[in-house]
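User: Please take a close look at one helix of this model and at what it packs against. I would like the residues named and the cut-offs stated.

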Amino acid sequence: MDEAVGDLKQALPCVAESPAVHVEVLQRSGSTAKKEDIKTSVYKLLNRHNIVFGDYVWTEFDDPFLTRNVQSVSIVDTELKAKDPQPIDLSACTIALHIFQLNEEGPSSENLGEETENIIAASHWVLPAAEFHGLWDSLVYDVEVKSHLLDYVMTTLLFSDKNVDSNLITWNRVVLLHGPPGTGKTSLCKALAQKLTIRLSSRYRYGQLIEINSHSLFSKWFSESGKLVTKMFQKIQDLIDDKEALVFVLIDEVESLTAARNACRAGAEPSDAIRVVNAVLTQIDMIKRHSNVVILTTSNITEKIDVAFVDRADIKQYIGPPSAAAIFKIYLSCLEELMKCQIIYPRQQLLTLRELEMIGFIENNVSKLSLLLSEISRKSEGLSGRVLRKLPFLAHALYIQAPSVTIEGFLQALSLAVDKQFEEKKKLSTYM
């Protein structure tokens, strides 16, 4: 083993109490370099940079080998459980290194051929997918949602590895994210699948994400829907049988497949819906025995979900609209992107909320723009994450329409776009 690795092992002792620092290494798509060689070079890089402040990304390297073979080296997820970025001494931490390449092929369709029609039952990605790169970091929450979900899956693997008796302690590998539309539930499921595929790359060679098209599984032919659900899960079982793959089953708007059976029996829903619910529950009970599968579900209206399905969910996580603090972070990331692309020009440094707190929110030449952004964030409360991510585009389209704009001009436009969004919401509500 290279001498540098030995040096790093001495510099970074394996202390059980010390936190693990996760380092994600994105290998270039055309690179054929061995992971061990990349690992050695990355350890050399980390040896030269012992102290980092929160998450950090290298995209340029002094080492020609890294330049040829690596797109980025990222210290990630240090802020999931810490509200404020803290200096991290890598020599006091255990380093968990994850080397991966992105699959750029895009999704394929899973078809269920019937005598009368060909039903597109699901979309299928091989992970990690280029389409989901950066999605995890773009999702901002006020509570420790992301760290809780990561911890949950790691615990399911630990319990499986240790052969914990599932008759004594039960877990079903089912996650239910619920809340109003537009809060990022589906995006979080996809980002979680991508993150876990990278995090567990030493254990599983790749990930599989199957997003079930719930509505397509309801056949126009009486009593066929339950059979279609069973057929879909048989395809999923084939993927699970590959023990080198970590399989994620995403059921968006799960209430459409698991409508409460009490309502069905009362005659409010067709009896075919009962067969669908029974089929879904049966299939979940069958695949939960496998250690390489996680079922991710979302719902906008949890009161319509069958109680037996809700009981099977190990985690029931509410995802609500972002607070002013979360909105500030979302806007800040949008502004950084527009400055990087020189749509906002010239580049100006904005203070974080933590930095504004440290100076007591006093206005001066350095803090003026950040305080304006904080004010816009406060008046944006009540808007969904989906809308917030659109607002910078709408601000430019409606109020700027120029190749570049100063940050002062852009913030004025953003403020107007927020006002307009609330006006439109008010008008829409009068028709509903």
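Analyst: The buried residues of helix 5 are Val145, Lys146, Ser147, Leu149, Leu150, Tyr152, Val153, Thr156, Leu157 and Ser160. Buried stands for under 20% relative accessible area, exposed for over 50%, and partly exposed for what lies in between (1.4 Å probe, protein chains only). Helices (H or I, at least four residues) and strands (E, at least two) are DSSP runs, numbered from the N terminus. The model is a predicted one, in which local features need pLDDT of at least 70 and side-chain atom pairs count only at pLDDT 80 or more, while totals for chains, interfaces and linings use all residues. Residues are numbered from 1 along each chain as its sequence is written, and side-chain values use heavy atoms, with hydrogens and water left out.

Helix 5 has 17 residues, which should span 24 Å at 1.5 Å a residue; the end C-alpha atoms are 25 Å apart, and this agrees. The expected span is 1.5 Å times one less than the number of residues. After helix 5 comes asparagine 163, with a positive phi near 55°.

The buried residues of helix 5 pack against helix 4 (135–138), strand 9, helix 6 (185–199), strand 12 and strand 13. Contact here means heavy atoms within 4.5 Å.

Serine 160 belongs to helix 5 (residues 145–161). Its relative accessibility is 17%, so serine 160 counts as buried. Apart from neighbours within four places in sequence, serine 160 is in contact with Trp171, Arg173 and Ser291. Arginine 289 is 129 residues away from serine 160 in sequence, yet their C-alpha atoms are 9.3 Å apart in space.

Next, the strands on the list of packing partners. Strand 9 (residues 174–178) is largely enclosed by the rest of the structure, because five of its five residues are buried. Val174, Leu176 and His178 point one way from strand 9, Val175 and Leu177 point the other way, and all are buried.

Strand 9 pairs with strand 12 (residues 293–299) in the parallel sense, over five bridges. Two strands pair if DSSP finds at least two bridges between them. In this pairing, valine 175 stands opposite leucine 296 of strand 12. Strand 9 also runs parallel to strand 13 (residues 315–318), joined to it by four bridges. Here leucine 177 stands opposite glutamine 317, and histidine 178 stands opposite tyrosine 318.

Strand 13 has alternating side chains: Ile315 and Gln317 point to one face and are buried, whereas Lys316 and Tyr318 point to the other and are not. The pairs named above can be read against this pattern. Leucine 177, a buried residue of strand 9, thus stands opposite glutamine 317, which is buried. Histidine 178 is also buried, but the residue opposite, tyrosine 318, is not.

For comparison, here is another helix of the model. Helix 15 (residues 407–429) has 23 residues that should span 33 Å at 1.5 Å a residue, and its end C-alpha atoms are 33 Å apart, which agrees. Its buried residues, among them Phe410, Leu414 and Gln421, pack against helix 11 (324–340), helix 13 (368–379) and helix 14 (385–399). Glutamine 421 counts as buried because its relative accessibility is 15%. Leaving aside neighbours within four places in sequence, glutamine 421 is in contact with Leu383, Val387, Leu391 and Leu394.
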